[in-house]
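Here are some notes for a colleague who is opening this structure for the first time. They go through the packing of the chain point by point.

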Amino acid sequence: MKGLVGSFQLMKSLNKSLILNVIRTDGPISRAEIAKKTRLTPPTVTNLVNDLLESRLVQESDLGVSTGGRKPIMLKINSEAFQVIGIDVGVSHIKVIVATLDAAIIDSLYIKVIQPLDKESLIKLLNESIRRIMEKAALRKERVIGIGVGMHGLVNPDRGVGIFAPNFNLHDIPIRESLESEWDLPVEVENDVRAMALGESWFGHGQGLEDFICLNVGMGVGAGIILNQELFRGTSYTAGELGHTTIDVEGPTCACGNDGCLQALTAGPAIAARAQRGLRMGRKSRISEFVQGDWSQMTGETVYQAACQGDEFAREILADTGRYLGIGIANFINTLNPQKVIIGGGVSKSGDFIMETLKETVETRALNISAKAIAIQTAKLGDDATAIGAATLVLKKLFLPNIPHKR
């Protein structure tokens, strides 16, 4: 008897999530339309919708169009009744946001990361960021449905562990266990670029697409891969390490130890290093003026600023960066044939200085007409992409539980 009760409760929970997701994607929608789309009986839909109304996850909207009888009452997600926290763990700072159920950002803040860090101090910093955003946004804990964390490096999302964070040189960081213990809220953890890809899939330029690649080019280079509208992680959670594919065997040595990796040619530090080499060889440029002669302060942003001022050398560097990225993306396109490539991260802000040569290179190197026609565009979610993606990890658990619906 106990097993039957458990099975009934599971089925009820899954059906409720099924209805909730239909309201999310198709709302405002009537109960009758929900029954048609889910193939659940009208009485079942009515009972479960009543539960969702009582929980405040759903609210009644305007009246719909009549098909002969009374106008139906429409339903939509009560997006502002609950909140979700999303955290982007960067190299120099942690960004934390509070968002509604439709990913509208209510509030945000940055916390500076001071290295070196150990695991305990990183967890303490994460807890501090959560505490501060809850106070700043005046959140009621009972209205927070969960916390999502986008973490750089190798992440095991099933265990909620940062397996290796290379920029912090930390291993086996128990993020989920530590945060759930502190806050008694559900916690989801994912690699930062995969979180970005999920966010773009739900709320950005990847909406409605079955297959696309989300590329993040900043301090490093990584890719989130969406296949059949699901994140592809790989056997050991390392899928998407596009930054460590070889572009030029004679190129500079990468942090991973190999020569000529895409990351060693296109990431922010690589752009700055290429500028420094050119200046040492006697190239004339305004780049040096932006750092007042202190080349150690040079960044990819410095090169971009000089390019905006018409500096020819800076523009050459960014154009070369676009070509290298184009080679890497063409390789990815030839392998996976996605519908779209979305580019985010700091380097993507260089606009046409990079994108023009990038697209030209892809068109030249892609194998066939369909591959050449693939759309390439910058991330819709911009600087918030990873934080919104982290929040989306929690929303996905709410609207699309892992266990598939059985009719």
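**Notes on sheet, helices and cores**

1. Helix H6 (residues 192-203) lies across E12, strand E13 (221-227), E14 and E15. Its direction makes an angle of about 130 degrees with E12. The model is a predicted one, and the points below should be read with that in mind.

2. The sheet under H6 is open and has 5 strands, in the order E14-E13-E12-E15-E16, with mixed pairing. Its edge strands are E14 (230-232) and E16 (375-378), each of which pairs on one side only. From one strand to the next the twist averages 25 degrees.

3. Within this sheet, strand E12 (residues 212-217) pairs with strand E15 (residues 340-344) in the parallel sense, over 5 bridges. Opposite Leu215 stands Ile343 in E15.

4. A further helix, H12 (residues 352-365), lies across E15 and E16. H12 runs at about 160 degrees to E16.

5. How do helix H2 (residues 31-38) and helix H3 (residues 42-55) cross? Their axes come within 9 Å, at an angle of roughly 115 degrees, and the crossing is right-handed. On the H2 side the contact is made by Arg31, Ile34, Ala35 and Thr38. H3 contributes Pro42, Val45, Thr46, Val49, Asn50 and Leu53. By class, the contact has 6 nonpolar, 3 polar and 1 charged residues.

6. In soluble globular proteins, nonpolar side chains tend to be buried together. Here the largest nonpolar core has 45 residues, and Ile19, Ile23, Ile34 and Leu395 touch the most other members. Ile34 is also one of the H2 residues in the contact with H3.

7. Which elements give two or more residues to this core? They are helix H1 (2-26), H2, H3, strand E3 (73-77), strand E5 (93-99), H6, E12 and helix H14 (385-399). The largest share, 8 residues, comes from H14. H6 and E12 thus appear again, this time as contributors to the core.

8. Leu395 deserves a separate look. Leaving aside neighbours within four places in sequence, Leu395 is in contact with Val84, Leu101, Ile145, Trp202, Phe203 and Leu400.

9. A second core, separate from the largest one, has 39 residues. Among them are Ile287, Val303, Ala307 and Ile343. Ile343 is the residue of E15 that stands opposite Leu215.

Technical notes
Residues numbered from 1 in each chain as written. Predicted model: local features only at pLDDT ≥ 70, side-chain atom pairs only at ≥ 80, totals over all residues. Heavy atoms only, no water. Axes fitted to C-alpha atoms, helices over the stretch in contact; angles between N-to-C directions. Helix = DSSP H or I, 4+ residues; strand = E, 2+ residues; numbered from the N terminus. Left-handed = near helix turned anticlockwise from the far one by under 90°. Contact = heavy atoms within 4.5 Å. Nonpolar A, V, L, I, M, F, W, Y, C, P; charged D, E, K, R; others polar. Pairing = 2+ DSSP bridges. Core = buried A, V, L, I, M, F, W, Y, C linked by side-chain atoms within 4.5 Å. Buried < 20%, exposed > 50% of the residue type's maximum accessible area, 1.4 Å probe, protein only.
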